[in-house]
Amino acid sequence: MWTLLAWSLNFVLLPLGAFMILLILIQRGKGGGLIGALGGAGGSSPFGSRAGDAFTRLTIYVACIWLFLTMLQVRAIQTTAETRLQEGGQLGSDQ
């Protein structure tokens, strides 16, 4: 059960991590962020003036979910490794 959970969390965490990276990159920073570096208007947000608040909250929520799922995945991998060692198997082998 824990092995299946660890594998399935990989397929959730990778796109979630990429989404979080994109959220961080489109946020408006003090120096203009990535938008300013690519030649865009440094002080204006492409999604409106109030978009910074929404993106900040969304980024915090996504980061908390990503952190929780990462901790769950670490626990699943540890439990799988402990079970294999107790059964006399080797780590890293496909039994």
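**Packing of helix 1 against helix 3 in a predicted model**

Apart from neighbours within four places in sequence, V62 makes contact with L16, F19, M20 and L23. This is a convenient place to enter the structure, which is a predicted model. One of these partners, L16, has its place in helix 1. Between L16 and V62 the C-alpha to C-alpha separation is 7.6 Å, although their positions lie 46 residues apart in sequence. With residues up to four places away not counted, L16 touches I65, W66 and L69 as well as V62. L16 is classed as buried because its relative accessible area is 17%, and the cut-off for that class is under 20%.

It helps to step back to the overall fold. The chain holds three helices and zero strands, and its pattern along the sequence reads α-α-α. Of its 95 residues, 20% are buried. The exposed area of the chain is about 7,000 Å², of which carbon and sulfur atoms supply 68%. Among contacts between residues at least 6 apart in sequence, 67% join residues at least 24 apart. The pair L16 and V62, 46 residues apart in sequence, gives a concrete picture of two positions brought together across such a separation.

Helix 1 spans residues 2-26, which makes 25 residues in total. From its first C-alpha to its last, helix 1 reaches 36 Å, close to the 36 Å expected at 1.5 Å a residue. Its buried residues are A6, L9, L13, L16, G17, M20 and L23. The spacing of such positions can be read with a general rule in mind: an α-helix has 3.6 residues a turn, so residues three or four places apart point the same way.

Several of these buried residues also belong to the largest nonpolar core, which has eight members: L9, L13, L16, M20, L23, F55, V62 and L69. Helix 1 and helix 3 each supply at least two residues of this core. The greatest share comes from helix 1, which gives five residues. V62, the residue described at the outset, is thus a core member, and its contacts L16, M20 and L23 are listed in that core too.

L13, another core member, is found in helix 1. L13 counts as buried because its relative accessible area is 9%. Once residues up to four places away in sequence are set aside, L13 touches W66, L69, T70 and Q73. The C-alpha atoms of L13 and T70 are 7.4 Å apart, with 57 residues separating the two along the chain.

The contact between L13 and Q73 leads to a polar side chain. Q73 has its place in helix 3, and it is buried because its relative accessible area is 11%. Beyond its neighbours within four places in sequence, Q73 is in contact with A6, L9, N10 and L13. Of these, A6, L9 and L13 are among the buried residues of helix 1.

N10 offers a useful counterpoint. This residue is in helix 1, but it counts as partly exposed because its relative accessibility is 30%. With residues up to four places away left out, N10 touches P15 and Q73. The C-alpha atoms of N10 and T70 are separated by 9.1 Å, and the two residues are 60 apart along the chain.

Further contacts occur at W2, which also has its place in helix 1. W2 is partly exposed because its relative accessible area is 31%. Not counting residues up to four places away in sequence, W2 touches A76, T79 and T80. W2 and R75 are 73 residues apart in sequence and 8.7 Å apart in space, C-alpha to C-alpha.

Nonpolar side chains are found on the surface as well. W66, L67, F68 and M71 form a nonpolar surface patch of about 420 Å². M71 lies in helix 3, which covers residues 51-86. M71 counts as exposed because its relative accessibility is 52%, and the cut-off for that class is over 50%. W66, a member of this patch, is touched by both L13 and L16.

Technical notes:
Residues numbered from 1 in each chain as written. Predicted model: local features only at pLDDT ≥ 70, side-chain atom pairs only at ≥ 80, totals over all residues. Heavy atoms only, no water. Helix = DSSP H or I, 4+ residues; strand = E, 2+ residues; numbered from the N terminus. Expected span 1.5 Å × (residues − 1). Buried < 20%, exposed > 50% of the residue type's maximum accessible area, 1.4 Å probe, protein only. Patch = residues over 30% accessible without salt bridge, like charges linked within 9 Å, V, L, I, M, F, W, Y side chains within 5 Å. Areas by Shrake-Rupley, 256 points an atom, 1.4 Å probe, with all protein chains shown as cover. Salt bridge = Lys/Arg side-chain N within 4 Å of Asp/Glu carboxyl O. Core = buried A, V, L, I, M, F, W, Y, C linked by side-chain atoms within 4.5 Å. Contact = heavy atoms within 4.5 Å.
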